[in-house]
Amino acid sequence: MDILLQNLQPLFLALLLIVPLLFLLGFVFRFRRRLPYPPGPKGLPIVGNMLMMDQLTHRGLAKLAKEYGGLLHLKMGNLHMMAVSSPEIARQVLQVQDNIFSNRPATIAISYLTYDRADMAFAHYGPFWRQMRKLCVMKLFSRKRAESWESVRDEVDCMVKTVAANIGKPVNVGELIFTLTMNITYRAAFGSTNQGQAEFIRILQEFSKLFGAFNIADFIPWLSWIDPQGLNTRLAEARKALDKFIDLIIDEHMQKRADNNVPDEANTDMVDDLLAFYSDEAKVNESDDLQNSIRLTRDNIKAIIMDVMFGGTETVASAIEWALTELIKSPEDMKRVQQELADVVGLERRVEEGDFEKLTFLKCTLKETLRLHPPIPLLLHETAEDAEVAGYYIPKKSRVMINAWAIGRDRNSWEEPETFRPARFLKESMPDFKGSNFEFIPFGSGRRSCPGMQLGLYALDLAVAHLLHCFTWELPDGMKPSELDMNDVFGLTAPRATRLVAIPTKRVVCQL
Ligand code: HEM
C-alpha cells in the first residue's frame with residue numbers, strides 16, 4: 001500500500017499543477033473566444049483581406065468605417081490590423097489603454113533603415129524609447145535650442161527674398177515650401193544648408209519610396225524569398241548611401257571636438273548635441289541624469305537624424321501648402337486673414353514673433369487646415385498585449401491605424417465637417433490640438449504624440465504669416481479658385497497631389 005501511495009505522489013503533484021493550469025488556459029481561451037474581433041469585411045483563407053491593400057489609406061479606411069464603424073478589423077496575411085475612426089475609440093487607445101497601444105509597428109524596410117529601430121519614432125515603448133524621447137524633448141526640440149528657431153527665421157527670410165525676386169511670375173509654391181522646410185531641418189541637424197544637400201535629398205527620397213513599398217514578406221513571412229522588386233538589394237544600397245553621407249558628417253564633427261573646436265552652446269547643431277552622448281557601446285538606464293543614463297552609438301545618431309528629417313520636413317511643408325491652397329480657394333477668408341495682418345502689423349514692417357498673440361484669425365485658419373489636412377493622416381501604433389476595446393478582442397501585435405484625417409471630419413463632432421471654415425474656431429469652446437480633445441488630433445495624443453509640435457507650429461505660423469503679409473497671390477492662366485485640385489496623395493504624409501503654383505504681388509511697403 002505504502003509503495004502504491006509513494007508511486008502515486010508524483011501523479012498527485014502533477015495533477016495539482018496541471019488542473020489549475022488547465023483552468024487558467026480555459027479561462028484565457030474563453031475570454032478570447034467570447035470576445036469577437038471588431039467588425040470588418042470578410043477575407044479569404046491565408047491572404048485574408050490582402051486584396052484590399054489599395055484601401056489602406058486615410059480615405060479608403062474612412063469609407064470602410066462608414067460601413068463597419070469606428071473600430072474595424074482587417075486581416076492581412078498573418079497580421080491583424082485595426083482602423084480607428086471615431087474620437088471615442090481614439091481616446092480608448094491613446095489615453096485609457098495607452099500602455100498597451102504605444103508600441104510602433106515596423107515593416108522589414110523600416111526595421112532595416114532605422115538600424116533595427118535604433119531611433120525614437122520606431123522604437124517600441126520602453127526604457128530605451130523613454131530615454132531617447134527625454135533626449136529629444138530636452139535637447140533637440142527644446143525651445144532652449146535657439147539654433148533651430150534661428151534657422152526657421154533665417155530660412156523664412158530667404159524664402160521671402162526668393163518670392164520677392166519673382167513678383168508677377170508664376171511661382172511653384174509647393175516646391176518653394178518644401179525647400180524651405182528641408183533647409184530648416186537640414187540646417188538644424190547639420191549646421192549648414194548647402195553642403196551635400198542634393199545628395200541627401202536623393203537618399204531621403206529613396207528611403208521614402210522604400211518605406212512605402214509593398215513587401216509580401218511583411219504579411220506572409222514564409223514567402224520572403226519572393227522579391228520581384230529587388231527590395232533587399234535596394235534596402236542595402238540605401239542604407240550604405242546614408243552611412244557614407246552621415247559618417248562623413250559625424251567624423252567632421254568628431255574632429256572638431258577632438259580639436260577642441262566645439263561651437264558654443266547657442267550655436268551647436270543636432271549632431272553636436274547628439275555627440276555629447278556618443279560612445280562605442282550603447283547604454284541605457286532609467287536614471288534621471290540624462291548625461292549618465294544614455295550612451296548613443298553611431299547607428300542611434302544616424303537613425304535619430306532621419307527621424308528629424310522625416311518628422312520635420314514633409315509634415316510642416318504639407319501644412320503650409322494646404323493652408324495657402326485653402327485660403328486661395330476661399331477668397332473671403334483670405335481677405336479676412338490679410339486684413340487682420342494689416343491691422344495688427346501694418347504694411348510698413350514685417351511680421352514679428354510678438355505679433356502672433358494678436359493674429360487670432362490666422363491661428364483659426366491654421367487650426368482649420370490641420371483639421372482638414374492633418375499632415376500625418378494615419379497614426380501607426382501596435383499593441384504590446386491582448387486587449388479589449390468597446391467589447392471587441394484586439395490581439396497582441398495588432399497594427400492599429402488611428403485615422404486622424406477621418407476623425408477631423410467626424411459628422412458627430414463637427415458641423416459641416418467637409419467645409420473649410422476657419423471662423424468655427426473663434427468660438428471659445430472649440431477643441432484644441434494639444435492632445436486632450438480626441439476629435440482633433442493632428443499631433444496625436446499621449447505618449448507617442450509629436451515631440452516636435454512647438455518647432456513645427458513655429459515654422460508653420462511664421463511661414464504662412466510672411467507669405468500672406470508680404471504678398472497677395474493669384475492663380476496663373478486665369479484659373480478660378482474653384483478649379484483648384486484639392487486631391488491629396490497618400491504616403492507617410494498626405495500632401496497635395498499637384499504642387500500649388502501662384503503669382504505673387506508685393507503687398508507691404510517696406511523692403512523685402
Ligand atoms: C505641422 C507639423 C507636424 C505635425 C502635424 C506632426 C504630427 C505628428 C504626429 C501625428 C505624430 C505621431 C503621433 C502618434 O503616433 O500618435 C508625430 C510623431 C513624431 N514627430 Fe511630428 N509633426 C510635426 C512636426 C514635427 C517636427 C518639426 C519634428 C521634429 C523636428 C517632428 C518629429 C516627430 C517625431 C520624432 C515623432 C515620433 C515620436 C514618437 O514616436 O515617440 N514632428 N508627429
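How do the residues of the shell around the ligand divide into nonpolar, polar and charged? In this predicted model, the shell comprises 13 nonpolar, eight polar and three charged residues. In total, 24 residues surround the ligand, and the closest are R104, W129, R133, H381 and C450.

The iron atom of the ligand has C450 as its only protein donor, through the SG atom at 2.3 Å. C450 itself is located in the loop that connects helix 17 (404–407) and helix 18 (453–470). Oxygen atoms of the ligand also take part in polar contacts with side chains: a polar side-chain atom of R104 is 2.8 Å from one such oxygen atom, an N or O atom in the side chain of H381 is 2.9 Å from an oxygen atom of the ligand, and for R448 the corresponding distance is 3.1 Å. Two or more residues of the shell are supplied by each of helix 6 (127–140), helix 13 (298–312), helix 14 (314–329) and strand 6 (378–382). Helix 13 contributes the most, with three residues.

Strand 6 also belongs to an open sheet of four strands, arranged in the order 1-2-9-6 with mixed pairing. Strand 1 (71–76) and strand 6 each have a single partner strand, so one side of each edge strand lacks a neighbour in the sheet. On average, neighbouring strands are turned by 25° against each other, direction ignored.

Within the sheet, strand 2 (residues 79–84) and strand 9 (residues 399–403) pair in the parallel sense over four bridges; A83 has M401 of strand 9 as its bridge partner. Helix 3 (residues 87–96) packs on the sheet, touching strands 1, 2, 6 and 9, and its direction makes about 130° with that of strand 9. Helix 2 (residues 58–68) lies across these four strands and runs at about 120° to strand 1.

Key:
Residues numbered from 1 in each chain as written. Predicted model: local features only at pLDDT ≥ 70, side-chain atom pairs only at ≥ 80, totals over all residues. Heavy atoms only, no water. Donors = N, O, S within 2.8 Å, 3.2 Å for Na, K, Ca; no water. Near = heavy atom within 4 Å. Polar contact = N/O pair within 3.5 Å; in protein donor to acceptor, adjacent residues only side chain to side chain. Nonpolar A, V, L, I, M, F, W, Y, C, P; charged D, E, K, R; others polar. Pairing = 2+ DSSP bridges. Axes fitted to C-alpha atoms, helices over the stretch in contact; angles between N-to-C directions. Contact = heavy atoms within 4.5 Å.
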